[in-house]
Amino acid sequence: MDISKKEMLILTLKKQIIIIGVISSALIILGLITNIELFRSYSFSNRFGFNGVFLKTSEASYFYILLIALTAYKARKSKKQLILLIFFITTALLIGTKIVWLFLALILFITIWFYYKKVTLIAVTISGIIYLVFRKVIDLFLIKLLPNGEILYKENGMFTVLTSTRDLLLEQTIKFSSEHWGIINYLFGGNKYWIYKVEFEIFDLFFNFGLLGLVVYFLFIKNCFYKKVNNDYAKFTLFLVLICACFAGNFFKSFLVFTVFYISFEYLNMKNKFKKQRE
């Protein structure tokens with residue numbers, strides 16, 4: 001089995017990602033125990049969460065999403081990987097971001113659906129009925145868990161609570177763009193990101209780079225990632241990561257996140273290549 005220099009580099013970098021994950025997780029646990037502001041996701045606030053080695057909460061969230069995807073790939077065949085996976089999932093939840101919860105919820109739902117479609121359908125139906133019947137009680141319970149939940153719920157409703165005011169930012173950006181944009185803006189964008197950012201990835205791409213920017217984005221994903229995916233697990237992970245990015249934003253503008261994203265998919269594709277060679 002021949003391994004190229006590129007593949008050796010990917011294997012080495014993948015190991016470094018795991019090591020960084022272990023160190024960061026240890027610091028997250030330390031932050032939980034000591035409540036040191038340095039390790040908190042939202043320093044000097046009453047919002048729960050710990051970042052570990054990361055300065056930005058969004059980077060910590062995406063890093064752990066990809067870290068979990070990398071570890072889960074071999075968890076069924078390795079007890080060591082399974083222990084690491086449980087460890088990373090636990091510490092990822094301590095980051096305190098809804099995007100990590102969404103990622104894990106999607107994995108759980110799709111996995112159960114794949115093996116037990118009827119059971120999943122019944123469970124979703126029952127859950128939906130329970131929510132409709134006890135909506136107010138459930139909403140009140142959820143808003144107490146989320147930062148400024150009660151205030152946002154009273155002023156704007158549950159959707160604003162769940163999106164962390166991103167829906168309000170979207171309304172503000174749409175209003176500004178409709179008043180100031182011309183045809184050139186719709187083609188190439190033009191809003192200043194730090195003033196009018198929504199933190200929904202697709203909307204931010206459109207408002208900053210226009211329709212042509214969206215086209216380039218989809219072509220980039222299709223040609224550089226989707227077409228190169230050679231196994232179902234990598235395709236499944238790509239789909240989930242991009243779904244999460246749509247709801248959280250700050251994905252492609254981070255060099256760190258995109259680097260880990262690239263290494264992760266190169267590794268997943270490479271492992272499948274080696275598997276085929278052994279067969």
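Student: Why are H11 and H12 called roughly antiparallel to each other?

Tutor: In this predicted model, the axes of H11 and helix H12 (residues 232-248) cross at roughly 165 degrees. Angles over 145 degrees count as roughly antiparallel, so H11 and H12 are roughly antiparallel to each other.

Student: What else describes the packing of two helices, besides the angle between their axes?

Tutor: The distance between the axes is also used. The axes of H11 and H12 come within 13 Å, and the crossing of H11 and H12 is right-handed.

Student: Which residues of H11 and H12 meet?

Tutor: From H11 there are Glu201, Ile202, Tyr217 and Ile221, and from H12 there are Leu242, Ala245 and Cys246. By class, this contact of H11 with H12 has 6 nonpolar, no polar and 1 charged residues.

Student: What makes Glu201 the charged residue there?

Tutor: Glu belongs to the charged class, whereas Ile, Tyr, Leu, Ala and Cys count as nonpolar.

Student: What makes Lys6 and Glu266 a salt bridge?

Tutor: The closest N and O atoms of Lys6 and Glu266 are 3.4 Å apart. The cut-off for a salt bridge is 4 Å, so the pair qualifies. Lys6 lies in helix H1 and Glu266 in helix H13 (residues 255-278), so the pair ties together parts that are 260 residues apart in sequence.

Student: How do you know whether Lys6 is buried or exposed?

Tutor: Lys6 has a relative accessible area of 45%. Buried means under 20% and exposed over 50%, so Lys6 is partly exposed. Its partner Glu266, with a relative accessible area of 17%, is buried.

Student: Where is Ile10, and which residues is Ile10 in contact with, leaving aside neighbours within four places in sequence?

Tutor: Ile10 is found in helix H1 (residues 5-34). Leaving aside those neighbours, Ile10 is in contact with Ile263, Glu266, Tyr267 and Met270. Glu266 is also the salt-bridge partner of Lys6. From C-alpha to C-alpha, Ile10 and Phe265 are 9.8 Å apart in space, with their positions 255 residues apart in sequence.

Student: Why does Ile10 count as buried?

Tutor: Its relative accessibility is 5%. The limit for buried is under 20%, so Ile10 counts as buried.

Student: How many salt bridges does the structure hold, and which residues are linked in a network?

Tutor: The structure holds 4 salt bridges. Arg166, Lys197 and Glu199 are linked in a network of them.

Student: What makes Arg166, Lys197 and Glu199 a network?

Tutor: Glu199 takes part in two pairings: the side chains of Glu199 and Arg166 meet at 3.2 Å, N to O, and those of Glu199 and Lys197 at 3.4 Å. Both values satisfy the 4 Å cut-off. Glu199 lies in the loop between helix H10 (183-188) and helix H11 (201-224), while Arg166 is in helix H9 (residues 166-180), 33 residues apart.

Student: Why is Lys197 called partly exposed, when Glu199 is called buried?

Tutor: The boundary is 20%. Lys197 has 22% relative accessibility and so counts as partly exposed, whereas Glu199, with a relative accessible area of 17%, is buried. Arg166 at 15% counts as buried.

Student: How do you know that Thr173 is buried?

Tutor: Thr173, placed in helix H9, has a relative accessible area of 1%. Buried means under 20%, so Thr173 is buried.

Student: Which residues is Thr173 in contact with, leaving aside its neighbours within four places in sequence?

Tutor: These are Asn191, Tyr196, Val198 and Phe207. Thr173 and Phe203, 30 residues apart in sequence, are 9.5 Å apart in space, C-alpha to C-alpha.

Notes. Residues are numbered from 1 along each chain as its sequence is written. This is a predicted model: local features need pLDDT of at least 70, side-chain atom pairs count only at pLDDT 80 or more; totals for chains, interfaces and linings use all residues. Side-chain values use heavy atoms; hydrogens and water are left out. Helices (H or I, at least four residues) and strands (E, at least two) are DSSP runs, numbered from the N terminus. Buried means under 20% relative accessible area, exposed over 50%, partly exposed in between (1.4 Å probe, protein chains only). Contact means heavy atoms within 4.5 Å. Axes are lines fitted to C-alpha atoms, for helices over the stretch in contact, and angles run from 0 to 180 degrees between N-to-C directions. Angles under 35 degrees count as roughly parallel, over 145 as roughly antiparallel, 65 to 115 as roughly perpendicular and the rest as oblique. A crossing is left-handed if the near helix is turned anticlockwise from the far one by less than a right angle, and right-handed if clockwise.
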